[in-house]
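Student: I've got the model open and want to talk it through. Can we go over it together?

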Protein chains: 2
Amino acid sequence: MKHAKRREVVRTGTTVEEMVRAIAHLIVTGELHPADKLDETSLAARFDVSRTPVREALRQLGAMGLVERKPNCSAVVARVTESYLHSMFEAMAELEAICARLAAARMTIRERSSLEAEHRASFRLVQEGAEEAYSVHNIRFHSLLYFGAHNEHIGELVTQTRMRLAPFRRAQFHLPERLSRSFQEHETIVAAILRADADAAGAAAYSHVSIVSTAAAALIANPSTCP
Amino acid sequence: MKHAKRREVVRTGTTVEEMVRAIAHLIVTGELHPADKLDETSLAARFDVSRTPVREALRQLGAMGLVERKPNCSAVVARVTESYLHSMFEAMAELEAICARLAAARMTIRERSSLEAEHRASFRLVQEGAEEAYSVHNIRFHSLLYFGAHNEHIGELVTQTRMRLAPFRRAQFHLPERLSRSFQEHETIVAAILRADADAAGAAAYSHVSIVSTAAAALIANPSTCP
DNA sequence: GATGATTTGTACGTATGTATA
DNA sequence: ATATACATACGTACAAATCAT
């Protein structure tokens, strides 16, 4: 069969968009690890498209910082040096702090209630030790914070940073008491925001972001063999 | 002549990289204005390459936020709403503040000297009213700040934001006393950094970034006609 | 509203550069 | 070290969508 048949009946957009989403998903969920090769031909075959959309997707993912591309060499899932990883965690802390400060100052009544509700609802998950569900809550909680800051651009920066950090967060997932500690830190942030104490909210959000570079050594950049 | 001859004898990289640089330059220097159409075929003809590298460059520029791309519609130079523009200026102020704070705490002796030297050298430009030269100095000054923060990722975020803001800064270029005011603000920042006063440096850097949305109305996003 | 012109989206071929036996 | 295999870079052809008349 020469011409590829469409892989889905309903197209969600262009092929390139699908590829960007698909590949990004593989990367942030950890199905592909840093330094894994992203061979254009293989990806094209795997998703049953031609190489052209794959190339464009890889180019876009490169600009997003999720993949590394050097001329004439296979693209690879982005690796980072230990120092760069540290800089991303620090940036994350600073950005979260900004969002928390702004949120404390700007959130509407309704937004404050939503944040409090989301937080309260997570108490049960902590008691049950529901790691997976808590992780979903955690993302919603932080999204409410970003949104509550009422600054679109900062929201994009923090989301982008969070995505690039995703492949390196996996390690810290199963620390003892992680859930209850996280919950208590959220508690501090929420309390500060509810009383509109911007400085306290910022400080709490900053210290909530783990600065420790917990990533496995294997994920850290070993200089690639390719020029 | 069917096959394109190389436009340059020495290739600086791949064609796509050249296109990204070239188009980005047109955008940030204001030769192309927000909402200007970026026709793939025209660009390909203009730079004497095929559409393929142009497409990939546009995809990358899209991910960088310099151009907008919707399926089946011409790419256009990125427009922003007034509120988004404001959010970028605010983000810029926050990021500059972080850099200044970190720089005050972390710059080496040598880096502090360089910053001071760069600043002192600009005094002459202010006296002479050398707008163009001062603008070059200004970029170097801020780059020293970003670099002095010793945080690569934050450096990338602030550089990226600065680039996206470029097409909208043009308006504020010729304000009265702009140079001397800028110089005095730099003075405050430098002084704070030299005495390692992080908070003062951050505050000074924050207020140094003009929050006013000075862009001409024509540059602001009017909803595009294309789906 | 239908039709032709223009432009984007995707497939594929060939050349060139890199890695490997 | 030379040659072979293989992956990418770019050009080009065609299909599909959009816009203008």
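Student: Which residues does B:Ala100 touch, leaving out those up to four places away in sequence?

Tutor: Keep in mind that this is a predicted model. Touching here means C-beta atoms within 7 Å. With residues up to four places away left out, B:Ala100 touches B:Leu145, B:Ile189, B:Ile193, B:Ala201, B:Gly202, B:Ala204 and B:Ala205.

Student: And which residues have the most contacts inside the largest nonpolar core?

Tutor: That core has 100 residues. B:Ala100, the residue we just looked at, is one of those with the most contacts inside it. The full set is A:Cys99, A:Ala100, B:Cys99 and B:Ala100.

Student: Now the DNA. Which residues come nearest to strand C?

Tutor: There are 23 residues around DNA strand C. They divide into eight nonpolar, eleven polar and four charged. Those that come nearest are A:Thr15, A:Ser50, A:Thr52, A:Cys226 and B:Glu40.

Student: Which element gives the largest share of the surface near DNA strand C?

Tutor: Start with the elements that give two or more residues: helix H1 (15–28) and helix H3 (51–64) of chain A, plus helix H2 (40–47) of chain B. The largest share is three residues, and it comes from H3(A).

Student: How many helices and strands are there in chain A?

Tutor: Read the elements from the N terminus on and you get α-β-α-α-β-β-α-α-α-α-α-α. Tallied up, chain A has nine helices and three strands.

Student: Last one: what percentage of the residues in chain A is buried?

Tutor: Buried means 20 or more other C-beta atoms within 10 Å of a residue's own. Of the 227 residues in chain A, the buried ones make up 37%.

How values were computed: Residues numbered from 1 in each chain as written. Chains lettered and ligands numbered in written order. Predicted model: local features only at pLDDT ≥ 70, side-chain atom pairs only at ≥ 80, totals over all residues. Core = buried A, V, L, I, M, F, W, Y, C linked by C-beta atoms within 7 Å. Buried ≥ 20, exposed ≤ 12 C-beta atoms within 10 Å, placed from the backbone. Contact = placed C-beta atoms within 7 Å. Near = placed C-beta within 6 Å. Helix = DSSP H or I, 4+ residues; strand = E, 2+ residues; numbered from the N terminus. Nonpolar A, V, L, I, M, F, W, Y, C, P; charged D, E, K, R; others polar.
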